[in-house]
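Here's a walk through one structure, written for someone who'd rather be at the bench. Have the viewer open and click along as you read.

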Amino acid sequence: MEGFVRRIRGFFEIVRRLSHSPLGMIGLVIILLWVLIAILGPIVAPYSPTAYHPQDRFTGPSLKYPFGTDRFGRDMFSRVLMGSRSVLILASSATALSLFLGSSIGLITGFLGGLVDEVVMRFMDILMSFPALLFAMLILGIFGPSPFGVIVVIGLVYAPRIARVARSAVLEVKQREFIEAAKVRGESNLYIMFVELLPNIWGPLGVEASVRFGYAIFLSASLGFLGLGVQPPTPDWGLLMKEAQQYISWAPWMAVFPALAIASLVVAVNFLADAIRKYEAGEL
Amino acid sequence: MTKFIGKRLINMVITLFIASIIIFTLTEVMPGDVAQMILGQYATPESLEAVRAQLGLDKPAVVRYGDWIWGVLQGDLGTSMSMKGVSISDLLLRRGRNSLFLAAFATIFLVPLSLVVGVIAGLREGSWLDHFISTSSLVALSLPSFISGTFLMLIFAIWLKIVPAMSSIAPGANLFKVFPKLILPIITVSLVLLGYVARMVRASVIDASHSDYARTAVLKGLPYHKVVWHILRNALMPTVTVIAMNLGWLIGGLVIVETLFAYPGLGRLVYVAIQRQDIPLIQASVLLTSAVYLLLNLASDIIYTFLDPRVRY
């Protein structure tokens, strides 16, 4: 209980410090707004995102359809609002997966060192020497596009990068006395890695995770745009952009609103990530 | 120095070799029967057999991998499956030339601009101009290319009508003659790096101007432009590597930008190959892009050792 209270206090302390960065706060508010919209979903969306209105095809923004309609007369406003779900779910699951994989690999290689470290990190270097988007396209092109595939692929692509950060943090913490003490106490390697080391590398991991979350949105939206992610008729921001391309000269609203949605979210995440980085570096 | 470059080259060859195995294995597990795809649904078992034999698909995977790599080493990449009879080597050369043109102009555009902008922000740390530059470069680096590209297209091509919206060009066209079509793709593909490099330059200028030698220069009474010269010489060194390292990023960016503007480059070719499940074309184009990416990384390491006399391997 006491630990819990301390943690809550610690969280508010971080928020208080972050509030010194106006951009970080703007970012946080926009992210929370999108999360709220994603949770409320159908409650805030006036129509079903997949409902056809054949009499209202390609209508521009109006009171009835604030963001206009697409080629089937589907309401773009509802499609953009509901599209926040897929991008947030995909990007956060992918980030969680890469964080899990990456920090495990980093903890193990950093703590054990020696041959394991050498071999695994060399392999990570090779994985990182492919352009991320190309690797993701190749995998999804081969195993077929799917939202689950997007999560796995982004998780895999970013895991080596997180592993590198985790490993270098572990190498530093490993030198400290309490690790030595734990070894003398005869604690198991697993205990030392996950109970002693992990809590002490949250800082750099948190910074990396926030940056990776931004990249994950970037990458998942790009894959959606290439048609390799979420498939129609599910609304997904990247996919909406792909659908809009054909009609861009005479139905520009189909592109403008999803583009603004993606832009607001990625910029917000990067503002927040930048504030978190400054906080960790002691600049706030 | 030669030893270092040699070691890195060997490393690169090993990485490329492993990459080729990974690419081959991945395309190997690709669902679907190639012979069936070529002949269509109503092919007889005999004709399917014949096509498999002709493509060498009846041989074991290891032998086919060997054949493929042997061909690659001799510059023979086979023929495309979806574009019947087109030599992949020719195709990659043509498309590669177009992409190189785009990437070269993007670099010419973004490097000086990001340096100037970053140096101005760094030297005026904390001013409103610095805040403006820092914030807008953060925005520029966060936006996916298909978003910034769409905005640029909407504003400059569809609304103001000063540049063409689409960049489709005839094969073999003189790229200088159709240059207006390339303006939007060039700017779009540069934006992310522009933001990124400008921020790096700003950070290293600030670092350098807080250093002891900069303070000494000021206290010694050197005129302002000489102090700035001291700072810049030291600040721009890490920037060169940042630029070289991130040029590899352009490759991923090119896929999106070329698809968005329908520009016939290497990136769009990779995309089309994957969409059409054209296995020989996927193998060749992905291997080529990985090779280019690795070469750029190698180049950035070498440049760094040349620039920084402290780094000696």
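What follows goes from the overall build of chain A to salt bridges, a surface patch and a few backbone oddities.

**Chain A as a whole**

Keep in mind that this is a predicted model. Chain A is a helices-and-loops affair: its secondary structure comes to 11 helices and zero strands. Reading along the sequence, you get α-α-α-α-α-α-α-α-α-α-α. The C-alpha trace of chain A spans about 75 × 45 × 30 Å along its principal axes.

How much of chain A is buried? Of its 284 residues, 52% are buried. The accessible surface of chain A adds up to about 12900 Å², and carbon and sulfur atoms account for 67% of that. Contacts in chain A reach well along the sequence, too: taking those between residues at least 6 apart, 70% join residues at least 24 apart. As for charge, chain A has 23 positive and 19 negative charges, and the mean positions of the two sets are 5 Å apart.

For a concrete case of sequence distance versus space, click on A:R164. This arginine is in helix α6 of chain A, residues 147-173. A:R164 and A:M121 are 43 residues apart along the chain, yet their C-alpha atoms are separated by 7.9 Å. Leaving aside residues up to four places away in sequence, A:R164 touches A:M121, A:D125 and A:M128. A:R164 is classed as partly exposed because its relative accessible area is 45%, and the partly exposed class runs from 20% to 50%.

**Salt bridges**

Over all chains, the structure holds 10 salt bridges. Here are three of them, with the N to O distance for each.

| Positive partner | Negative partner | N to O distance |
|---|---|---|
| A:R185 | A:E196 | 3.2 Å |
| A:R212 | A:E208 | 2.9 Å |
| B:R215 | B:D212 | 3.8 Å |

Start with A:R185 and A:E196, which form a salt bridge with their closest N and O atoms 3.2 Å apart. This pair links distant parts of the chain, 11 residues apart: A:R185 is in helix α7 (residues 177-185) of chain A, while A:E196 is in helix α8 (residues 189-197) of chain A. Is A:E196 buried or exposed? With a relative accessible area of 13%, A:E196 is buried.

Next come A:R212 and A:E208 in helix α9 of chain A; they are four residues apart, so about one helical turn separates them. Both A:R212 and A:E208 are buried.

Chain B has a pair within one helix as well. B:R215 and B:D212 both lie in helix α9 (residues 212-219) of chain B, three residues apart, which is about one turn of the helix. How exposed are the two partners? B:R215 is partly exposed at 48% relative accessibility. B:D212 counts as exposed because its relative accessible area is 56%, and the cut-off for exposed is over 50%. Elsewhere, salt bridges that share partners join A:D274, A:R277, A:K278 and B:R199 into one network, so take a look at that group with both chains displayed.

**A nonpolar patch on chain B**

Which residues make the nonpolar surface patch of about 530 Å²? They are B:I155, B:F156, B:W159, B:L160 and B:I162. Of these, B:I155 lies in helix α7 of chain B, residues 145-159. At 34% relative accessibility, B:I155 is partly exposed.

**Backbone oddities**

Some background first: most residues other than glycine have a negative phi, and most peptide bonds are trans. Three spots in this model go the other way.

The peptide bond from A:P232 to A:P233 is cis, with omega near 5°. You'll find A:P233 in the loop between α9 (202-225) and α10 (237-245) of chain A.

Over in chain B, B:A262 isn't a glycine, yet its phi is positive, near 55°. B:A262 lies in the loop between α10 (224-261) and α11 (266-275) of chain B. With a relative accessible area of 22%, B:A262 is partly exposed.

B:Q277 also has a positive phi, near 55°, in a residue other than glycine. Where does B:Q277 lie? B:Q277 is in the loop between α11 and α12 (279-307) of chain B.

How values were computed. Residues numbered from 1 in each chain as written. Chains lettered and ligands numbered in written order. Predicted model: local features only at pLDDT ≥ 70, side-chain atom pairs only at ≥ 80, totals over all residues. Heavy atoms only, no water. Helix = DSSP H or I, 4+ residues; strand = E, 2+ residues; numbered from the N terminus. Buried < 20%, exposed > 50% of the residue type's maximum accessible area, 1.4 Å probe, protein only. Contact = heavy atoms within 4.5 Å. Areas by Shrake-Rupley, 256 points an atom, 1.4 Å probe, with all protein chains shown as cover. Lys, Arg positive; Asp, Glu negative; His and termini not counted. Charge placed at Lys NZ, Arg CZ, Asp CG, Glu CD. Patch = residues over 30% accessible without salt bridge, like charges linked within 9 Å, V, L, I, M, F, W, Y side chains within 5 Å. Salt bridge = Lys/Arg side-chain N within 4 Å of Asp/Glu carboxyl O.
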